[in-house]
Structure formats: C-alpha cells, structure tokens
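Subject: The structure we talked about

Hi there,

Here is the structure I promised to pass on. Have a look at it first, and then read on for what turned up in it.

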Amino acid sequence: MAPTPGGNRRTCVHVVSDVHGNARDLARAGDGADALICLGDLVLFLDYADHSRGIFPDLFGVENADRIVELRTARRFAEARAFGAHLWAGIGTDRAAVIEKAVRRQYTELFAAFPTPTYATYGNVDIPPLWSEYAQPGTTVLDGERVEIGGWTFGFVGGGLRTPMRTPYEIGDEEYAAKIEALGEVDVLCTHIPPEVPELVYDTVARRFERGSRALLDAIRRTRPRYSLFGHVHQPLVRRMRIGRTECVNVGHFAGSGRPWALEW
C-alpha cells in the first residue's frame with residue numbers, strides 16, 4: 001500500500017465469509033491487502049444455488065439434493081431430517097466418518113489457499129476440532145479472542161446459534177454471549193452471524209429469517225465499535241446499515257461472488 005501524504009502508511013484488509021468450497025478465488029482474495037480475514041463457512045455441504053455441488057449431492061445425487069432443498073426452503077424440517085435419515089440408512093456406514101472424510105478433502109485445499117497472514121474464525125457449517133490440523137503457520141484461528149492489525153483491535157467470535165438445521169457448529173445463546181462479552185471493547189467486531197436485526201438476518205432467496213445474535217446487537221450498542229463485520233446470510237435484505245456509530249456490513253457470499261470486501265484505514 002502507498003503511504004499517505006502525511007507519511008503514515010495505510011492498512012488494508014480483505015474480508016471474506018461463506019467460502020463454501022471456493023478455493024480458486026480464495027487463493028487470490030488477499031491480493032493487494034495487508035491481511036485476509038475469513039469469517040467462516042469453508043465447507044460446502046450443499047449449494048442451494050447449484051444442487052449438483054457439495055458433499056450431499058456427491059453422496060446421494062442431484063435429485064435427492066433437489067428434494068432436501070425443497071423441504072428445507074418450505075421449512076418442513078422434520079420431513080427433511082426424516083428424508084436425510086432414510087438416505088443415510090441406505091449407505092450403511094458411519095455417517096460422521098463419511099462426512100469427516102469429505103470435509104477433510106475440502107479443508108486440505110482451502111487452508112492451502114489462505115495467504116499469509118490470514119485471521120479466521122469458524123462458521124456454523126465448519127468443524128472446529130479439525131482446523132488445528134490444517135491451519136498453516138500464516139493462519140491464526142480466533143474464537144472469542146482479539147488481535148491487533150494496523151493499530152486497530154479486531155475481536156472474533158465464530159459459529160452460529162442453534163437452529164432446526166442442526167449444522168455442525170451451533171452453540172447455545174449463553175455460550176455465544178459469553179464469547180462476545182470476553183472481547184470487551186474493540187475497533188472491529190468480526191463474527192460469522194449478524195446482529196439480530198430483521199433487515200440483516202432475512203434471506204430474500206431462501207425466504208426466511210436466519211438466526212442473528214441479540215448479544216452481538218447489545219454489544220454493538222454498548223461498546224460502539226467502528227465496524228461489525230459478518231456473513232452467514234447469503235442474500236440479505238440489507239447488506240449494510242449503521243447502528244449508532246457502528247457500520248454493520250455483510251461482507252458477502254464469497255462462494256458466489258469470488259470477491260472480498262475491503263476495509264482500509
């Protein structure tokens with residue numbers, strides 16, 4: 001980055017979320033930036049835009065992927081779980097082992113694509129215990145922790161809150177709130193899920209409200225960070241809004257756009 005007229009060097013970070021298997025664009029996401037921030041959801045289990053992509057269609061085929069998306073979009077979660085259980089029973093092997101093997105293949109490629117330095121936290125579809133095996137020396141994994149970048153303090157909280165979808169890294173509201181509280185005052189709050197604001201949590205394509213965090217919203221109002229950055233909602237009703245002095249930004253569905261969001265100061 002070029003120095004400012006006053007001689008002070010500016011800092012630029014690129015931010016991505018909801019990578020969902022897009023290793024090709026991830027390898028270029030840090031180009032021109034001092035650091036890359038990743039807000040999680042590396043794994044691609046099922047692509048709701050292209051039902052032929054992901055672990056689920058690889059195992060069960062596109063027609064079955066079409067069906068489970070149809071059920072979930074209609075919020076018929078009990079039927080979706082029963083349908084999924086029927087498909088898994090047909091495989092006749094350990095479900096967790098099959099998923100872990102597929103996730104490991106994706107993590108091998110995705111973590112190798114991270115530039116140095118990368119600061120990353122988990123999404124709700126990620127499997128945190130595996131990250132330490134794949135994170136290379138230039139990648140720092142943070143969850144309920146802080147780091148300084150270019151003189152600003154960044155706080156990270158990963159994962160999502162519990163939903164009928166039952167994705168791998170969903171935690172209780174109290175545990176999530178405790179991680180938010182542990183950060184204290186920061187310049188930038190980095191989370192996978194958004195604060196609980198209707199315009200930020202509504203997905204216009206899935207036609208449903210995703211879960212946002214009330215504790216995150218309260219922390220924004222109380223500690224007034226410069227930015228709150230998040231992802232999770234792929235097609236939000238509103239991508240950006242101000243809460244008090246805080247600029248709240250959905251950094252985008254990286255799997256679809258292939259473009260990071262840039263923050264410079």
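One thing before the details: this is a predicted model. Among contacts in the chain between residues at least 6 apart in sequence, 57% join residues at least 24 apart.

The overall picture

The chain is made up of ten helices and 15 strands. Its radius of gyration is 18 Å, close to the 18 Å that the globule rule gives for 265 residues, so the chain is as compact as a globular protein of that length. Along the principal axes, the C-alpha trace spans about 65 × 35 × 30 Å. Of the 265 residues, 53% are buried. The chain exposes about 12200 Å², and carbon and sulfur atoms supply 48% of that area.

Charges and salt bridges

On the charge side, there are 31 positive and 34 negative side chains, and the centres of the two sets lie 3 Å apart. Side chains of opposite charge can pair when their charged atoms come close. In this chain the count comes to 17 salt bridges, and a few of them are worth finding on your screen.

Start with Asp 34 and Arg 9, which form a salt bridge with their closest N and O atoms 2.8 Å apart. Asp 34 lies in the loop between α1 (23-26) and β2 (35-38), while Arg 9 is in the segment before β1 (12-16), so the pair ties together parts that are 25 residues apart in sequence. Asp 34 has a relative accessibility of 25% and so counts as partly exposed.

Next, look at Asp 143 and Lys 179, whose side chains meet in a salt bridge at 2.9 Å, N to O. This pair also links distant parts of the chain: Asp 143 is in the loop between β4 (139-141) and β5 (145-149), Lys 179 is in helix α7 (residues 173-183), and the two are 36 residues apart. Are these two partners buried or exposed? Asp 143 is buried, with a relative accessible area of 18%, and Lys 179 is buried as well, at 12%.

There is also a small group to look for: salt bridges that share partners join Arg 24, Asp 25 and Arg 28 into one network. Within it, Arg 24 and Asp 25 have their closest N and O atoms 3.6 Å apart. Arg 24 is exposed, with a relative accessible area of 61%, whereas Asp 25 counts as buried at 12% relative accessibility.

Backbone points to check

Most residues other than glycine have a negative phi, and most peptide bonds are trans. With that in mind, three places deserve a look.

The peptide bond from Thr 116 to Pro 117 is cis, with omega near 0°. Pro 117 sits in the loop between α5 (95-113) and β3 (118-120).

Asp 18 is not a glycine, yet its phi is positive, near 55°. You will find Asp 18 in the loop between β1 and α1, where it is buried with a relative accessible area of 1%.

Arg 207 also has a positive phi, about 60°, although it is not a glycine. Its place is the loop between β10 (202-203) and β11 (208-209). Unlike Asp 18, which is buried, Arg 207 is exposed, with a relative accessible area of 55%.

Two neighbourhoods

Tyr 119 is in strand β3 and counts as buried at 14% relative accessibility. What does Tyr 119 touch, not counting residues up to four places away in sequence? Its contacts are Ala 35, Leu 36, Ile 37, Cys 38, Thr 140, Leu 142, Val 147, Ile 149 and Phe 156. To give you a sense of distance, Tyr 119 and Ala 262 are 143 residues apart in sequence and 14 Å apart in space, C-alpha to C-alpha.

His 253 lies in the loop between β14 (246-250) and α10 (254-257). Leaving aside neighbours within four places in sequence, His 253 is in contact with Ser 17, Asp 18, His 20 and His 234. That list includes Asp 18, the buried residue with the positive phi. By contrast, the C-alpha atoms of His 253 and Gly 150, 103 residues apart along the chain, are separated by 26 Å.

Happy to go through any of this together.

Best wishes

Note on methods: Residues numbered from 1 in each chain as written. Predicted model: local features only at pLDDT ≥ 70, side-chain atom pairs only at ≥ 80, totals over all residues. Heavy atoms only, no water. Helix = DSSP H or I, 4+ residues; strand = E, 2+ residues; numbered from the N terminus. Rg over C-alpha atoms; globule rule 2.2 N^0.38 Å. Buried < 20%, exposed > 50% of the residue type's maximum accessible area, 1.4 Å probe, protein only. Contact = heavy atoms within 4.5 Å. Areas by Shrake-Rupley, 256 points an atom, 1.4 Å probe, with all protein chains shown as cover. Lys, Arg positive; Asp, Glu negative; His and termini not counted. Charge placed at Lys NZ, Arg CZ, Asp CG, Glu CD. Salt bridge = Lys/Arg side-chain N within 4 Å of Asp/Glu carboxyl O.
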